[in-house]
Amino acid sequence: MKQTIKMTLATLATAACWTVAQPALAQQESLAPIRGSDVATVDQAPEAKKYLGGKPGGQEKVARTFRDQPPVIPHAVENFDEITLAENQCLTCHGADVYEKKKAPKIGDSHFRDREGKLLPAASSARHNCTQCHVPQVDAPPLIANDFKGDLAVGKSGKKKN
């Protein structure tokens with residue numbers, strides 16, 4: 001008898017919960033995913049964008065938008081060799097021993113310091129993969145709208161210019 005009462009109460013409680021939850025479940029099913037398609041739908045690859053700039057040396061430097069920003073690469077890098085431990089084609093123009101002859105910007109002084117800030121005689125191996133921080137530019141609209149302006153009014157000293 002006790003078992004029958006317990007089963008009856010459990011069944012009634014389940015039915016009551018189901019009745020309350022049914023409208024919420026129906027509303028969830030009608031929501032559209034943020035990505036605009038079903039999760040199982042394969043994303044379409046974006047159109048390949050062409051890098052700005054031509055051969056090195058023919059473009060002006062791209063202005064930085066904030067202090068200590070790594071400079072962007074103003075020239076095309078599509079036909080450059082892959083950066084490996086044995087070879088880095090960037091250093092053929094930007095290396096400390098050749099930049100003046102090539103009329104190219106020298107790699108930054110920060111690249112000649114180790115993690116503790118100790119000055120090194122050659123560029124640090126931790127800074128060997130240039131495209132980890134320095135990126136070529138692509139003519140593409142922003143992925144999302146933003147109103148970032150940067151702090152162009154700050155000079156190297158960090159003090160505001162008038």
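**Surface and burial.** I began with the accessible surface of this predicted model: the protein exposes about 14,100 Å², and carbon and sulfur atoms supply 58% of that area. I then looked up burial and found that 12% of the 162 residues count as buried.

**Secondary structure.** I counted 3 helices and 0 strands in the protein. Read from the N terminus, the elements follow the order α-α-α. For the contacts, I took pairs of residues at least 6 apart in sequence; 44% of these contacts join residues at least 24 apart.

**Nonpolar patch.** Which residues form a nonpolar patch on the surface? I noted I5, L9 and L12, which together have about 310 Å² of accessible area. I placed L12 in helix α1, which covers residues 2-30. L12 has a relative accessibility of 54% and therefore counts as exposed, since the cut-off is over 50%.

**Largest pocket.** I next turned to empty space, and I recorded about 1,400 Å³ in the largest pocket. Its lining is made up of 49 residues, of which P71, I73, H94, I107 and H134 are the closest to its centre. Which helix gives the largest share of this lining? I found that helix α2 (residues 91-94) does, with 4 residues.

**H111.** I looked up H111 in the segment after α3, the helix of residues 99-102. Is H111 buried or exposed? Its relative accessible area is 13%, so H111 is buried, the limit being under 20%. Leaving aside residues up to four places away in sequence, I listed its contacts as A122, A123, S124, R127 and H134. Of these contacts of H111, I had already noted H134 among the residues closest to the centre of the largest pocket.

**Positive phi values.** I checked backbone angles with a general expectation in mind: most residues other than glycine have a negative phi. I entered D68 here, as its phi is near 65°, a positive value in a residue other than glycine. D68 belongs to the loop between α1 and α2. I recorded D68 as exposed because its relative accessibility is 66%.

I made a second entry for K103, whose phi is near 55°, again a positive value in a residue other than glycine. Where is K103 found? I located K103 in the segment after α3. With a relative accessibility of 77%, K103 counts as exposed. H111 lies in that segment after α3 as well, but I had entered H111 as buried.

How values were computed:
Residues are numbered from 1 along each chain as its sequence is written. This is a predicted model: local features need pLDDT of at least 70, side-chain atom pairs count only at pLDDT 80 or more; totals for chains, interfaces and linings use all residues. Side-chain values use heavy atoms; hydrogens and water are left out. Patches are made of residues with over 30% relative accessible area and no salt bridge: like charges are joined within 9 Å, nonpolar side chains (Val, Leu, Ile, Met, Phe, Trp, Tyr) within 5 Å. Accessible areas come from the Shrake-Rupley method with a 1.4 Å probe; for residues, only the protein chains shown count as cover. A salt bridge is a side-chain nitrogen of Lys or Arg within 4 Å of a carboxyl oxygen of Asp or Glu. Helices (H or I, at least four residues) and strands (E, at least two) are DSSP runs, numbered from the N terminus. Buried means under 20% relative accessible area, exposed over 50%, partly exposed in between (1.4 Å probe, protein chains only). Contact means heavy atoms within 4.5 Å. On a 1 Å grid over the protein atoms alone, a cavity is a set of points where a 1.4 Å probe fits but cannot get out, and a pocket is an open set with protein on both sides within 12 Å along at least five of seven lines; lining residues have an atom within 4 Å of a point. Grid points are joined across faces, edges and corners, and a volume is the space filled by probe spheres set on the points.
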